[in-house]
Amino acid sequence: MDLLKEKIKNDGIVINENVLKVDNFLNHQVDTKLMDLIGKEFADYFKSKNITKVVTIESSGIAPAYAAALKLDVPLVIFKKQSSAILDTETTIQTPVHSFTKNTDYVLMASKKYLSENDNILIIDDFLANGQAALGAYRILKEAGSSVAGIGIVIEKSFQDGRKKLEDLGLDVYSLARVSKISSDGIEFLN
Ligand code: G4P
């Protein structure tokens, strides 16, 4: 998506070789017009897949996921992060997730009442790095009996192995910008 790549080039801040700061349009301040176009891009790509719901992980996935769900005319379900497992396994599904980028652990959680065997889910997230958040969402959806139609990512860090892990599960990963290198000389893209 050319407009997104322009935005990343112009407004993205290189923190180090692994981390790109995009606070002024995606993670902190949100460019709503860009989100609208991102939603349309995801909806166009996945429109033939009979998506019944979009799933994302709080918090930075919410803006692009909301835009995609609106364009696909389906509900958005936000998976929650907890610092520890909660006892209610009767009404919730939980799975542990480790973030290598932030070196943190959390429990990803969803209520069973918003997921069913009849659902065909599109997972949307802001970043794909090592794939741990998307894999956690996938585990929850499998436990709920839902199908996963694909994964939409705003910024993929292609030099990390998240895409490979998801593709090894047979998942269709559609990333709007694939960053191949982050350095003090600038940001490079694969596509
Ligand atoms: P993974 O899910 O692909 O394995 O990624 P990882 O755990 O390594 O990192 C996940 C968290 O780190 C996510 O935020 C993600 O948005 C953020 N992240 C990863 N790489 C970058 C990057 O280059 N730049 C920025 N700005 N963020 C990055 P989170 O913990 O889920 O928090 P939230 O922002 O969604 O609340």
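Let's start with strand E7, residues 120-128: 8 of its 9 residues are buried, so the strand is largely enclosed by the rest of the structure. Keep in mind as you look around that this is a predicted model.

What does E7 pair with? One partner is strand E3, made of residues 53-57, and the two pair in the parallel sense over 3 bridges. If you want a spot to look at, find Val 55, whose bridge partner in E7 is Ile 123. Another partner is strand E8, residues 147-157, which runs parallel to E7 and is joined to it by 8 bridges. Here you can look for Leu 122, which has Gly 150 in E8 as its bridge partner. To get from E7 to E8, the chain passes through helix H5, residues 132-144, and this β-α-β crossover is right-handed.

Now move over to E3. Is this strand covered or open? E3 is mostly covered, with 5 of its 5 residues buried. Its side chains go two ways: Lys 53, Val 55 and Ile 57 point one way, Val 54 and Thr 56 point the other way, and all are buried. Besides pairing with E7, E3 is joined to strand E4, residues 76-82, by 4 bridges, and these two strands run parallel. Val 54 stands opposite Leu 76 in E4. There's a right-handed β-α-β unit here too, made by E3, H4 and E4.

The loops on either side of H4 each have something to show you. In the loop between E3 and H4 you'll find Ser 59. A cis peptide bond joins Ser 59 to Glu 58, with omega at about 0°. In the loop between H4 and E4 sits Asp 73. Its phi is near 60°, a positive value in a residue other than glycine. Is Asp 73 buried or exposed? Its relative accessibility is 69%, so Asp 73 counts as exposed, the cut-off for that being over 50%.

Asn 103 makes a good companion to Asp 73. Asn 103 also isn't a glycine, and its phi is positive, near 50°. You'll find Asn 103 in the loop between strand E5 (92-99) and strand E6 (104-111). With a relative accessible area of 60%, Asn 103 is exposed.

Next, have a look at the ligand. Which residues come nearest to it? There are 21 residues around the ligand, and Leu 20, Ser 60, Lys 81, Thr 101 and Gly 131 come nearest. Some polar side chains are worth picking out one by one. In the side chain of Ser 60, an N or O atom is 2.7 Å from an oxygen atom of the ligand. For Ser 99, a polar side-chain atom lies 2.9 Å from a ligand oxygen atom. Lys 102 has an N or O atom in its side chain that is 3.1 Å from an oxygen atom of the ligand. How much of the ligand does the protein cover? On its own the ligand has 710 Å² of accessible area, and the protein covers 87% of that.

Finally, turn to the nonpolar side of things. The largest nonpolar core has 33 residues, and the ones with the most contacts inside it are Leu 4, Ile 8, Ile 38, Phe 42 and Val 54. You've already met Val 54, the E3 residue that stands opposite Leu 76. Which elements give two or more residues to this core? They are helices H1 (2-11), H2 (23-27), H3 (32-46) and H4 (62-72), along with strands E7, E8, E9 (173-183) and E10 (186-189). H3 gives the most, with 6 residues.

To finish, pick out Ile 8, one of the core residues with the most contacts. Ile 8 is found in helix H1. Its relative accessibility is 0%, so Ile 8 counts as buried, which takes a value under 20%. From Ile 8 you can also look across to Leu 26: the two are 18 residues apart in sequence and 9.9 Å apart in space, C-alpha to C-alpha.

Note on methods: Residues are numbered from 1 along each chain as its sequence is written. This is a predicted model: local features need pLDDT of at least 70, side-chain atom pairs count only at pLDDT 80 or more; totals for chains, interfaces and linings use all residues. Side-chain values use heavy atoms; hydrogens and water are left out. Buried means under 20% relative accessible area, exposed over 50%, partly exposed in between (1.4 Å probe, protein chains only). Two strands pair if DSSP finds at least two bridges between them. A crossover is right-handed if, with the strands pointing away from the viewer, the path from the first strand over the helix to the second runs clockwise. A residue is near a molecule or strand if one of its heavy atoms lies within 4 Å of it. A polar contact is a pair of N or O atoms within 3.5 Å; within protein, one must be able to donate a hydrogen and the other to accept it, and residues adjacent in sequence count only if both atoms are side-chain atoms. Accessible areas come from the Shrake-Rupley method with a 1.4 Å probe; for residues, only the protein chains shown count as cover. A nonpolar core is a set of buried Ala, Val, Leu, Ile, Met, Phe, Trp, Tyr and Cys residues joined through side-chain atoms within 4.5 Å.
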